[in-house]
Amino acid sequence: MKTITAVFLIALTTSYLLTPWVRALAIRFGVLDMPDARRVHTEPIPRWGGLAIYGGVLLAVLAGMARLYLLSPVDAVFWQRVVPFEGLLAVGTLVLVAGMLDDLRGFSAPLQAGVLLLSGLLVQVFGVQIEGLAAPFGGNFSEARWIPLGVWSIPLTALWIFVISKTMDTIDGLDGLAAGVSAIAALALALMALQAADILDQPYPNWLIAISAAAIAGAAGGFLRYNFNPARIFMGTGGAQFLGFMLAGLSVIGAFKTATAFAILVPLLVFGLPLLDAVNVVVRRLVSGQPIHKPDKRHIHHQLLERGLTQRQTVLLLYGIAIAMAIVAVWLFKRAIG
């Protein structure tokens, strides 16, 4: 637990210290989010805040892995367990860079989708894959039967990573919303990993999941100091999609690997808020005959603002919903493995 706490603090401090420098860099390159009819802010705000989050995650994860390296027997099995996390960070770097280029130049919706789907395929080379699903045996939720997916694991994994990465990007419409929701989801994944390491007596890869998740939570928290209303910087497409990609990958390595009847429900609850928002938006756009990729103000946070809530009230309310879903997910996970 001391290692997890240290990782969290390293990530938080790093992103906190890097964010002002990144803000100046974004202003220098003219990477600004300009106000328009769809956006809530009324003045240009620098983007690229995801770079500070990435720096915090990278430094903290490396520090945490170095600590495990010193504490654990180093053998071939140790390095095999590290490979998925190295791959997740490597491909996550590509997601960040592509998103930062989108912030700078502006990519089309199909190109953005293509980059995320390709990333979801690339990361599987490193073993980050939904290999199967657990289903109740005979309708009995006290037992679960593991169903291997075979070749279907490839498109399903890519689709899951795409959906979480994209939905985390789409909720980044209010100051601090995506950063806070990401931190909540990351803490939930860290708690579940620690539970699995303790109850199931499986320290690996659960310690590595906990380290990575704690780093994400800390980095998002450090950035939130400058991103909460009134925001001085946005994380941009790169930051939001990087966070979504990393969290989706960790859920694949962790929650989906659990052979319980709740193996599907748990990650759905962890990412419940962005997923509910995505379903709401897609359905409303389809009903109105509007293309599902066209930006608008149909998101949950926009609707709450229209009902008279302030930005801070809306974000805090959505934090509460995300926390409630995360608590249920952690409770279900503990019950399932206990």
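**Exercise 1. Decide whether Asp103 and Arg47 are buried or exposed, and find what joins their side chains in this predicted model.**

Solution.
Step 1. Asp103 is a buried residue, and Arg47 is buried as well.
Step 2. Their side chains form a salt bridge, with an N to O distance of 3.7 Å.
Step 3. Next, place the two partners: Asp103 belongs to helix H3, while Arg47 sits in the loop between E2 and H2. The pair is 56 residues apart and links distant parts of the chain.
A general remark helps here: side chains of opposite charge can pair when their charged atoms come close.

**Exercise 2. Find which residue Asp33 meets in a salt bridge, and which parts of the chain the pair ties together.**

Solution.
Step 1. The partner of Asp33 is Arg47, at 3.2 Å from N to O.
Step 2. Asp33 lies in strand E1 (residues 32–33) and Arg47 lies in the loop between strand E2 (45–46) and helix H2 (50–71), so the salt bridge ties together parts that are 14 residues apart in sequence.
Step 3. Both Asp33 and Arg47 are buried.
Step 4. Put this beside Exercise 1: Asp33, Arg47 and Asp103 are linked in a network of salt bridges.

**Exercise 3. State how many salt bridges there are, and describe the pair of Asp169 and Lys166.**

Solution.
Step 1. The count is three salt bridges.
Step 2. The side chains of Asp169 and Lys166 meet at 3.9 Å, N to O. The cut-off for a salt bridge is within 4 Å, so this pair qualifies.
Step 3. Asp169 and Lys166 are separated by about one helical turn, because they are three residues apart in helix H5 (residues 153–170).
Step 4. Asp169 has 14% relative accessibility and therefore counts as buried. Lys166, at 27%, counts as partly exposed.

**Exercise 4. Classify Gln311 and Ala197 as buried or exposed, and place each in its helix.**

Solution.
Step 1. Gln311 lies in helix H12 (residues 311–337), and Ala197 in helix H6 (residues 177–199).
Step 2. The cut-off for buried is under 20% relative accessible area. Gln311 is at 15% and so counts as buried. Ala197, with 10%, is buried too.
Step 3. The side chain of Gln311 reaches the backbone nitrogen of Asp175, at 3.2 Å.
Step 4. For Ala197, look along the chain to Ile209, twelve residues away: their C-alpha atoms are separated by 10.0 Å.

**Exercise 5. Find which residues form the nonpolar patch on the surface, and which helix gives the most to the patch.**

Solution.
Step 1. The patch consists of Leu94, Leu118, Leu121, Leu122 and Ile154. Together they have about 430 Å² of accessible area.
Step 2. Helix H4 (residues 109–122) gives the most, with three residues.
Step 3. Leu94 is found in helix H3 (residues 76–105).

**Exercise 6. Describe the chain as a whole, and say where confidence is lowest and where it is highest.**

Solution.
Step 1. The chain has twelve helices and four strands, and 51% of its 338 residues are buried.
Step 2. Its accessible surface is about 15,200 Å², with 67% belonging to carbon and sulfur atoms.
Step 3. Take the contacts between residues at least 6 apart in sequence: 73% of them join residues at least 24 apart.
Step 4. The mean pLDDT is 85, and 84% of the residues reach 70 or more. Confidence is lowest in strand E4 (residues 140–148), with a mean of 63, and highest in helix H1 (residues 2–28), at 96.

Note on methods. Residues are numbered from 1 along each chain as its sequence is written. This is a predicted model: local features need pLDDT of at least 70, side-chain atom pairs count only at pLDDT 80 or more; totals for chains, interfaces and linings use all residues. Side-chain values use heavy atoms; hydrogens and water are left out. Helices (H or I, at least four residues) and strands (E, at least two) are DSSP runs, numbered from the N terminus. Buried means under 20% relative accessible area, exposed over 50%, partly exposed in between (1.4 Å probe, protein chains only). A polar contact is a pair of N or O atoms within 3.5 Å; within protein, one must be able to donate a hydrogen and the other to accept it, and residues adjacent in sequence count only if both atoms are side-chain atoms. Patches are made of residues with over 30% relative accessible area and no salt bridge: like charges are joined within 9 Å, nonpolar side chains (Val, Leu, Ile, Met, Phe, Trp, Tyr) within 5 Å. Accessible areas come from the Shrake-Rupley method with a 1.4 Å probe; for residues, only the protein chains shown count as cover. pLDDT is the predictor's confidence in each residue, from 0 to 100. Contact means heavy atoms within 4.5 Å.
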